[in-house]
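Reader: I have a structure open here and would like to talk it through with you. Could you start with the overall layout before we go into single residues?

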Amino acid sequence: MLFRSLELCLYLPQQKAGTVRERTSFMTTVEPSTRPFKILVAEDNLMNQRTTELLLKKLGHTSFCVDDGQQAVEAWQQDSGYDLILMDIHMPVLGGIEALEMIRSTESETGSAPVPIIALTADVLKGTEEKLLNLGFDAYLTKPLRVNDLADLLRSIPIRVTMS
């Protein structure tokens, strides 16, 4: 394996006395996943797409990014080989909740195994996680994504077995 562990160095501005800013380094070590996943990322913000794509690559996964829920549904319909979907909740054209409903409906109609769909949202209000899980999402991550939370979640995803 190419990576033994992943070290991310985050530089965050820290205000000192007066108006001088200094960069502070925070190091975190994350073990890459031993099971590489093929992940569909539905996110309308280009910076969030690229960040998520980079984090997933560093964790040993491949990803395909789309800009809205409609594109996510279409990508999933064209390629049922995705191990999971990371789905932003608030997107143009078709939101994450509506895309989830369409995917779950198709899975129900065809009898196919449900793909794990993880909700991505900046909403940290009390009750949001419970609401999203009740709607059919398999898990919930807040944005901005934290590498440790993402890695922990991906390690908890069971391997999908499809019968042909």
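Author: Read along the sequence, the protein follows the pattern β-β-β-α-β-α-β-α-β-α-β-α, which comprises five helices and seven strands. Please keep in mind that this is a predicted model.

Reader: How many residues are there, and what percentage of them count as buried?

Author: The protein has 164 residues, and 41% of them count as buried. About 9900 Å² is exposed, with carbon and sulfur atoms supplying 55% of that area. As for contacts with a separation of 6 or more, 59% of them join residues 24 or more positions apart.

Reader: What about confidence, and where does pLDDT stay under 50?

Author: The average pLDDT of the protein is 81, and 76% of the residues score at least 70. Residues 1–30 are the stretch where pLDDT stays under 50, although the model does have 53 contacts there beyond four places in sequence. Where pLDDT is low, the predicted coordinates should not be read in detail.

Reader: Fine, then on to helix 2. Which of its residues are buried?

Author: In helix 2, which covers residues 69–78, the buried residues are Gly69, Ala72, Val73, Ala75 and Trp76. Seen down the helix axis, these buried residues fall within an arc of 165°, so they line one face of helix 2. An α-helix has 3.6 residues a turn, so residues three or four places apart point the same way.

Reader: And what do those buried residues pack against?

Author: The buried residues of helix 2 pack against strand 3 (38–42), strand 4 (62–66), strand 5 and helix 3. At the N-terminal end, helix 2 is capped by Asp68, where a side-chain oxygen lies 2.9 Å from the backbone nitrogen of Gln70.

Reader: Let's turn to the nonpolar core. Which residues of the largest one touch the most other members?

Author: The largest nonpolar core has 23 residues, and those touching the most other members are Leu40, Ile85, Met87, Ile103, Ile117, Leu132 and Phe137. Strand 3, helix 2, strand 5, helix 3 and strand 6 each supply at least two residues of this core. Apart from it lies another core, of 20 residues, with Leu56, Cys65, Ile118 and Leu145 among them.

Reader: Could you take Leu132 and tell me what it touches?

Author: Beyond four places in sequence, Leu132 touches Ile89, Ile97, Ala119, Thr121, Phe137 and Tyr140. Thr121, one of those partners, lies in strand 6, which spans residues 117–121.

Reader: Is Thr121 buried or exposed?

Author: Thr121 is buried, with a relative accessible area of 2%. Its side chain reaches the backbone nitrogen of Asp123 at 3.0 Å, and its contacts further away in sequence include Ile89, His90, Thr128, Tyr140 and Leu141.

Reader: So what about Leu141, where is it and what does it contact?

Author: Leu141 is in strand 7 and is buried, at a relative accessible area of 7%. Leaving aside neighbours within four places in sequence, Leu141 is in contact with Ile118, Ala119, Leu120, Thr121, Asp149, Leu150 and Leu153. The C-alpha atoms of Leu141 and Glu129 are separated by 8.6 Å, with these positions 12 residues apart along the chain counted as their distance apart.

Reader: And Leu154, which helix is that in?

Author: Leu154 is found in helix 5, and at 1% relative accessibility it counts as buried. Not counting residues up to four places away in sequence, Leu154 touches Arg35, Phe37, Ile39, Leu56, Leu59, His61 and Leu84. With Leu84, the separation is 70 residues in sequence and 9.3 Å in space, C-alpha to C-alpha.

Reader: Changing topic to the backbone: which peptide bond is cis?

Author: The peptide bond from Lys143 to Pro144 is cis, with omega near 5°. Pro144 sits in the loop between strand 7 (139–142) and helix 5 (147–156).

Reader: And what is phi of Val93?

Author: Phi of Val93 is near 65°, a positive value in a residue other than glycine. Val93 lies in the loop between strand 5 (84–88) and helix 3 (96–110), and at 68% relative accessibility it counts as exposed.

How values were computed: Residues numbered from 1 in each chain as written. Predicted model: local features only at pLDDT ≥ 70, side-chain atom pairs only at ≥ 80, totals over all residues. Heavy atoms only, no water. pLDDT = per-residue confidence, 0-100. Contact = heavy atoms within 4.5 Å. Helix = DSSP H or I, 4+ residues; strand = E, 2+ residues; numbered from the N terminus. Buried < 20%, exposed > 50% of the residue type's maximum accessible area, 1.4 Å probe, protein only. Areas by Shrake-Rupley, 256 points an atom, 1.4 Å probe, with all protein chains shown as cover. Arc of directions from axis to C-beta. Polar contact = N/O pair within 3.5 Å; in protein donor to acceptor, adjacent residues only side chain to side chain. Core = buried A, V, L, I, M, F, W, Y, C linked by side-chain atoms within 4.5 Å.
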